[in-house]
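User: I'm new to this structure and would like to learn how to read it. Could you walk me through a few features?

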Protein chains: 2
Amino acid sequence: MKSNKKILLVEDDPNFGKILKDYLTINNYEISLAVNGIEGFEKFNKSEFDLCILDIMMPFKDGLTLAKEIREVNEAIPLIFLTAKNLKDDVLKGYKIGADDYLTKPFDSEILLAKIKSILNRKPSVNTEQKDIFEFDFGEFSFNSKLRILTHKEGNSFKLSPKENQLLKMLVLNFDDLLPRDIALNKIWRDANYFTSRSMDVYIAKLRKYLEKDPSLKIINVHGEGFRLMQE
Amino acid sequence: MKSNKKILLVEDDPNFGKILKDYLTINNYEISLAVNGIEGFEKFNKSEFDLCILDIMMPFKDGLTLAKEIREVNEAIPLIFLTAKNLKDDVLKGYKIGADDYLTKPFDSEILLAKIKSILNRKPSVNTEQKDIFEFDFGEFSFNSKLRILTHKEGNSFKLSPKENQLLKMLVLNFDDLLPRDIALNKIWRDANYFTSRSMDVYIAKLRKYLEKDPSLKIINVHGEGFRLMQE
DNA sequence: ATTATAATTTAAAATTTCTTAAAAAAATGT
DNA sequence: ACATTTTTTTAAGAAATTTTAAATTATAAT
């Protein structure tokens, strides 16, 4: 009956944390307990988890900040937030980061368990996050998306901002093919609306500026659909 | 920005249902509203939805029963339950059926919206993705309906507008066969009347212009019926 | 042959979407 | 706190797309 699912639990109240850990352990989950965001992030990086349960209100580094860091490293891992009161703002921020759910303290442990099961039972998603590629060559450029550096053959190189970097990476991964606007928006901006759309346009303009060092490369617009990075 | 996501909303309170429907419509979702479980299941079977929001307490057929029926037909579609009070039992039953989330009435509409986005933005699960065909060859042309590019053998190529693209795709899928006017109108223009019909004529003229590069291809009119793309 | 309905073509008007610069706001680093 | 960088917002103009209108031609029916 062992589920061998590993959960990272980050909770600053030691009593509550211990009780919750025990409860989940009894229910066949393997729990790593961290008492603040800093320790939480260290533990997260040390092993592979299937799910994170994060208290939002914590000293040193709160749950939302921790979540953002985790999301930068792993964009798929499910996140559940615990909020002390029904702080709507925290809840909305959590969803914006990419939360899968939240629970208001005090909550019913059976319901938490049901949520965990529901989330972990979801079918695995399509791109099984294969070894993350971060070095690309295209046209006269080489591009390291981990270091966020775009280098032109002539030695010229640009440091990319996080958004520039993500967008270029998605374009490169779909080289010569369409990158649908709403897919990029939902992935990078986590929301697709008029404003994020304009923001994306601005970044497309920035990338075009970088890429014009190689005139054979073009980011063309497919009206109403998205963009396409292509050569020649 | 249209999301073109379709949501089935099943809610027996007509006032609340209407308000919720309007709110979600404003936020660019296409809502089908049913007032009870029976109607809900009928609507569910009539078209393709991306998400269902089900009130649990309903006359005739409650939300949990409806959910079970939906799950038998479709095991992947996300379900969100609405419960009048915090009825723990209902919540747990919901999760057992395979709910993705639940909300306790009264709830905050912004939070519902955040949940919907969070759920719909999840990567589609493995078995959902049916491969859509988007590359076609006919006559001296190859046609990529994803990039909306029609290429002639001689290297000449045209960027198609969305409507040109959809119409050509329907013609090609019915190559040498009749494409009934009203079928194309209802699919592409979502309405068949005098004006959309004139509009379609304009697009037929545009396609003819493109296709005249290969004189063996013809879009012929079948008076009163529709059009036929044929070769010879 | 006459009449009514349907289809074709062209051009202009209306709408939607994209691009970009610049300002404002937010986040980050020293 | 201050300066710097990054991101978002605004707004105006450009480009692409769609609709509408009108004049013309074709088809079918009586």
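User: Let's take strand 2 of chain A. How do I tell whether it is enclosed or open?

Analyst: Count how many of its residues are buried, meaning under 20% relative accessible area. This is a predicted model, by the way. Strand 2 of chain A covers residues 29–34, and five of its six residues are buried, so the strand is largely enclosed by the rest of the structure.

User: Which way does strand 1 of chain A run relative to strand 2 of chain A, and how many bridges join them?

Analyst: For pairing, look at the bridges and the direction of the two strands. Strand 1 of chain A (residues 5–10) and strand 2 of chain A run parallel, with six bridges joining them. Try finding one pair yourself: L9(A) has L33(A), in strand 2 of chain A, as its bridge partner.

User: What unit do these two strands make with helix 1 of chain A?

Analyst: Follow the chain from strand to helix to strand. Here strand 1, helix 1 (residues 14–26) and strand 2, all of chain A, form a β-α-β unit that is right-handed.

User: Now the DNA. Which residues come nearest to DNA strand C?

Analyst: Start with the residues around the strand, then ask which part of the DNA they meet. There are 22 residues around DNA strand C, and the nearest are D201(A), G224(A), F227(A), D201(B) and R208(B). As for the DNA side, sugar and phosphate make up 81% of the strand C atoms that come within 4 Å of the protein.

User: What do the polar contacts look like there?

Analyst: Check which atoms sit at each end. The side chain of R208(A) has an N or O atom 2.9 Å from a phosphate oxygen of DNA strand C. With G224(A), a polar backbone atom is 2.9 Å from a phosphate oxygen of that strand. H223(B) instead places a polar side-chain atom 3.4 Å from a sugar or linking oxygen of DNA strand C. By class, the surface near DNA strand C has 10 charged, six polar and six nonpolar residues.

User: And which element gives the most to the surface near DNA strand D?

Analyst: Helix 8 of chain A does, with six residues. Among the residues nearest to DNA strand D are W189(A) and W189(B). W189(A) has a polar side-chain atom 2.8 Å from a phosphate oxygen of this strand, and W189(B) also has one at 2.8 Å from a phosphate oxygen. For Y203(B), the distance from a polar side-chain atom to a phosphate oxygen of DNA strand D is 3.0 Å.

User: How do the residues near DNA strand D divide by class?

Analyst: That surface has 10 nonpolar, six polar and six charged residues.

Terms used: Residues are numbered from 1 along each chain as its sequence is written. Chains are lettered from A and ligands numbered from 1 in the order in which they are written. This is a predicted model: local features need pLDDT of at least 70, side-chain atom pairs count only at pLDDT 80 or more; totals for chains, interfaces and linings use all residues. Side-chain values use heavy atoms; hydrogens and water are left out. A residue is near a molecule or strand if one of its heavy atoms lies within 4 Å of it. A polar contact is a pair of N or O atoms within 3.5 Å; within protein, one must be able to donate a hydrogen and the other to accept it, and residues adjacent in sequence count only if both atoms are side-chain atoms. Ala, Val, Leu, Ile, Met, Phe, Trp, Tyr, Cys and Pro count as nonpolar, Asp, Glu, Lys and Arg as charged, and the others, Gly among them, as polar. Buried means under 20% relative accessible area, exposed over 50%, partly exposed in between (1.4 Å probe, protein chains only). Helices (H or I, at least four residues) and strands (E, at least two) are DSSP runs, numbered from the N terminus. Two strands pair if DSSP finds at least two bridges between them. A crossover is right-handed if, with the strands pointing away from the viewer, the path from the first strand over the helix to the second runs clockwise.
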